[in-house]
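Colleague: I should like to learn how to read the sheet, the helices and the pockets of a model. May we take them in turn?

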Amino acid sequence: MGAAYFYHLTQQPLEAALPKLLEASLSRGWKVAVRGRNPRYLDWLDQKLWLVPEEGFLPHGLAGGENDALQPVLLTTEAQAANGAACLMSVEGAEVTADEVGTLERVCILFDGGDPAALERARGQWRALTAAGCGAQYWSDESGGWVKKAER
């Protein structure tokens, strides 16, 4: 059974934090689905991901292409990622279910600490997932690096 990792972004924007987390997941051999709520936002994020890392390449694609199943990282709004992801990263407050936490290797929920609505949404997800019996960890980058602040 996996766990939900909540990443509270206070010192860096999503487009800076996400590539590092994606690289860590890919280094474990996991395919990743990045789930958002708005296709335009995912288009924007896709463009940002092509710019990093400067010294390497972060293979990814937007859902809807003919090679979705082959993508190591697939940006999608769909509940089922066509790439058979072992790790789900939720952005924009995209829905995550307890079943997903239970079946995937890892679920990451990234949220903007400067957005009150995003904070409230993440708190609601924490309550719902832990009430359903899912393991959860809360990480913050307030000190400049990721520090685990809570675990259930």
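Colleague: Which strands does α4 lie across, and at about what angle does α4 run to β6?

Modeller: Please bear in mind that this is a predicted model. Helix α4 lies across β1 (3-9), β5 (87-90), β6, β7 (135-140) and β8. Its direction is at about 155° to that of β6.

Colleague: Which strands does helix α2 lie across?

Modeller: Helix α2, residues 39-49, lies across β2, β3 and β4. Relative to β4, α2 runs at about 155°.

Colleague: How should I read the sheet itself, and what is the order of its strands?

Modeller: The general idea is that strands of a sheet pair through backbone hydrogen bonds, either parallel or antiparallel. Here the sheet is open and has 8 strands, with mixed pairing. The order is β3-β4-β2-β5-β6-β1-β7-β8. At the edges are β3 (61-62) and β8 (147-151), each of which pairs on one side only.

Colleague: In which sense do β2 and β4 pair, parallel or antiparallel?

Modeller: Strand β2 (residues 32-35) pairs with strand β4 (residues 73-76) in the parallel sense, over 4 bridges. To locate the pairing in the display, take Val32, whose bridge partner in β4 is Val73.

Colleague: Let us turn to the pockets. What volume does the largest pocket have, and which residues are closest to its centre?

Modeller: In general, rolling a probe the size of a water molecule over the atoms shows where empty space is left. In this model, the largest pocket has a volume of about 300 Å³. It is lined by 20 residues, of which Glu92, Leu110, Phe111, Asp112 and Ala118 are the closest to the centre. The elements that contribute two or more residues to this lining are α1 (14-27), β6 (106-112) and α4 (116-131). The largest share, 5 residues, comes from α4.

Colleague: How many residues of that lining are nonpolar, polar and charged?

Modeller: The lining of the largest pocket divides into 11 nonpolar, 3 polar and 6 charged residues.

Colleague: Which residues line the second largest pocket?

Modeller: The second largest pocket has a volume of about 150 Å³. Its lining consists of Tyr7, Leu21, Ala24, Ser25, Arg28, Met89, Arg106, Cys108, Trp139 and Trp146. Two or more residues of this lining come from each of α1 and β6, and α1 gives the most, with 3 residues. By class, the lining of the second largest pocket has 7 nonpolar, 1 polar and 2 charged residues.

Key: Residues are numbered from 1 along each chain as its sequence is written. This is a predicted model: local features need pLDDT of at least 70, side-chain atom pairs count only at pLDDT 80 or more; totals for chains, interfaces and linings use all residues. Side-chain values use heavy atoms; hydrogens and water are left out. On a 1 Å grid over the protein atoms alone, a cavity is a set of points where a 1.4 Å probe fits but cannot get out, and a pocket is an open set with protein on both sides within 12 Å along at least five of seven lines; lining residues have an atom within 4 Å of a point. Grid points are joined across faces, edges and corners, and a volume is the space filled by probe spheres set on the points. Ala, Val, Leu, Ile, Met, Phe, Trp, Tyr, Cys and Pro count as nonpolar, Asp, Glu, Lys and Arg as charged, and the others, Gly among them, as polar. Two strands pair if DSSP finds at least two bridges between them. Contact means heavy atoms within 4.5 Å. Axes are lines fitted to C-alpha atoms, for helices over the stretch in contact, and angles run from 0 to 180 degrees between N-to-C directions.
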